[in-house]
Amino acid sequence: MRREWLDPFRSDLEVVFAAAEQLVQNYPESLSEHALKQLHSTNPLLRDSGHSYIGYIIPLWMQISDGLPTQTAHKLSTACLIHMLYFLNQDEVMDDRPDDSTLKLSLGNLYYMDALRIYSDLFSPTSLFWTYFRQYVTDWAVSVNGEKSLDYFKENPLLIAQKAAPLQLGAAGALLLLEQKDRIVNVSSAVNIALMTLQMTDDFNDMDQDAAQGNYNSFLSHISSALQLTYPEQPLSERIRDNMYSTPIMNSYVDIAYRHHDNLTSSNSAIPHLSSFNTHLCQTLVQAVEAIKQHKKMLHQGGFHYWISEHALNPQRKS
């Protein structure tokens with residue numbers, strides 16, 4: 001199946017990732033090797049990385065939808081990609097507390113410097129870009145610090161997108177370069193919906209891990225709200241665990257994504273490829289829910305059906 005939001009931009013992505021590789025190859029050897037591995041792990045041309053494309057692909061989309069010059073789109077996309085790697089490292093350290101935290105944090109500072117340098121080539125010191133830069137990073141900082149005490153998803157599902165707010169820079173930057181600053185608010189709202197849907201799909205797939213580690217998770221929030229429990233202040237209860245695969249709760253979670261998707265597709269300000277990408281995310285969420293439903297059905301049938309379901313979901317599993 002042709003992915004309209006990705007496949008037409010493969011040659012552009014080759015240019016962007018090659019430029020990013022050239023940058024990180026200049027890092028000290030001990031850091032450069034890890035940076036190259038991280039770039040390869042996020043490269044959608046090499047594998048389905050599971051990482052967000054939206055942080056760096058929007059300038060490439062806007063070549064077609066808005067006429068952003070190719071060389072400019074590539075440069076902005078490269079800056080956004082390097083900047084995204086910085087935030088990926090920050091998030092991994094905060095959420096997973098890995099053994100290589102020192103490496104990730106120190107490497108992140110090199111990413112940050114390179115991103116700033118490229119942004120500075122594109123935008124003057126007085127550009128509105130830096131106002132948006134500060135706002136998006138502030139939104140991110142407030143969001144990640146509030147997750148332990150505030151239930152963002154219950155208050156407003158769109159608030160969970162703030163954790164990815166810096167990924168808005170590609171759209172805002174492209175519009176400023178096109179001298180279309182009046183579109184930023186509306187386009188930002190559309191991007192925010194896609195970022196929310198992306199976080200919802202990630203949270204659904206990571207619910208077990210987040211439950212074990214105590215990380216904020218919008219699906220666990222949704223379960224808690226359905227059960228009239230306080231989240232995240234209240235420790236994860238057996239009632240929540242017992243309802244993690246409740247069909248009505250899973251269905252209502254998907255419904256939230258589609259209600260916002262309808263708002264995105266009905267907006268005249270949305271970038272066409274953004275609508276296609278959000279459709280893909282919604283379908284991915286539906287597929288994840290359907291896989292669990294089928295698994296439950298097999299388990300209820302028991303015996304041979306259970307064996308089949310286990311091996312279908314875990315093909316590497318040995319008897």
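In which helix does serine 143 lie? Serine 143 is part of helix H6. The model discussed here is predicted. Serine 143 counts as buried because its relative accessibility is 1%, below the 20% cut-off. Apart from residues up to four places away in sequence, serine 143 touches Tyr152, Gln162 and Lys163. The last of these contacts, Lys163, also takes part in salt bridges, which are taken up next.

**Salt bridges**

Side chains of opposite charge can pair when their charged atoms come close. The count for this model is 10 salt bridges. Three of the pairs are listed below.

| Acidic residue | Basic residue | N to O distance |
|---|---|---|
| aspartate 121 | lysine 75 | 3.6 Å |
| aspartate 95 | lysine 163 | 3.2 Å |
| glutamate 147 | lysine 163 | 3.8 Å |

Lysine 163 sits in the loop between H7 and helix H8 (169-177), and its partner aspartate 95 is in helix H4, 68 residues apart in the chain. The other partner of lysine 163, glutamate 147, belongs to the loop between helix H6 (129-146) and H7, and this pair is 16 residues apart. Both of these salt bridges are described as linking distant parts of the chain. With a relative accessible area of 14%, lysine 163 is classed as buried, and glutamate 147 is buried too. Elsewhere, salt bridges with shared partners join Glu92, Asp100 and Lys104 into one network.

The salt bridge of aspartate 121 with lysine 75 has its closest N and O atoms 3.6 Å apart. This pair runs between helix H5 (residues 101-122), which holds aspartate 121, and helix H4 (residues 70-96), which holds lysine 75; the two are 46 residues apart. Are these two residues buried or partly exposed? Aspartate 121 is partly exposed, at a relative accessible area of 49%, and lysine 75 is partly exposed at 35%.

**Aromatic pairs**

A pair of aromatic rings is described by the distance of the centres and the angle of the planes. The structure contains 23 aromatic pairs. One of them joins tryptophan 5 and tyrosine 53: the ring centres are 5.3 Å apart and the planes stand at 40°, so the pair is tilted. Tryptophan 5 comes from the segment before helix H1 (10-24), while tyrosine 53 comes from the loop between helix H2 (29-42) and helix H3 (54-66); they are 48 residues apart. Tryptophan 5 and tyrosine 53 are buried.

Another pair is formed by phenylalanine 153 and tyrosine 253, with centres 5.7 Å apart and planes at 45°, so this pair is tilted as well. Because phenylalanine 153 is in helix H7 (residues 152-155) and tyrosine 253 is in helix H13 (residues 247-265), the pair ties together parts that are 100 residues apart in sequence. Relative accessibility is 4% for phenylalanine 153, which therefore counts as buried. For tyrosine 253 the figure is 0%, so tyrosine 253 counts as buried.

Ring pairs also build a cluster, made up of Tyr86, Phe87, Tyr112, Tyr119, Phe123, Phe129, Trp130, Phe133 and Trp140.

**Helix H13**

The helix that carries tyrosine 253 has 19 residues. From its first C-alpha to its last, H13 reaches 27 Å, close to the 27 Å expected at 1.5 Å a residue. Which residues of H13 are buried? They are Ile249, Met250, Tyr253, Val254, Ile256, Ala257, His260, His261 and Leu264. These residues lie on the same side of H13, because they cover an arc of only 140° around the axis. An α-helix has 3.6 residues a turn, so residues three or four places apart point the same way. Among the elements that cover the buried residues of H13 are H7, helix H9 (184-205), helix H11 (218-226) and helix H14 (272-301).

**The loop after H13**

Isoleucine 271 is located in the loop between H13 and H14. Its relative accessible area is 1%, so isoleucine 271 is buried. Setting aside neighbours within four places in sequence, isoleucine 271 is in contact with Ile58, Trp61, Met62, Ser65 and Val187. What separates the C-alpha atoms of isoleucine 271 and glutamine 294? The separation is 35 Å, for two residues that are 23 residues apart along the chain.

Notes:
Residues numbered from 1 in each chain as written. Predicted model: local features only at pLDDT ≥ 70, side-chain atom pairs only at ≥ 80, totals over all residues. Heavy atoms only, no water. Phe/Tyr/Trp six-rings, centres within 6.5 Å; stacked < 30°, edge-to-face > 60°. Helix = DSSP H or I, 4+ residues; strand = E, 2+ residues; numbered from the N terminus. Buried < 20%, exposed > 50% of the residue type's maximum accessible area, 1.4 Å probe, protein only. Salt bridge = Lys/Arg side-chain N within 4 Å of Asp/Glu carboxyl O. Expected span 1.5 Å × (residues − 1). Arc of directions from axis to C-beta. Contact = heavy atoms within 4.5 Å.
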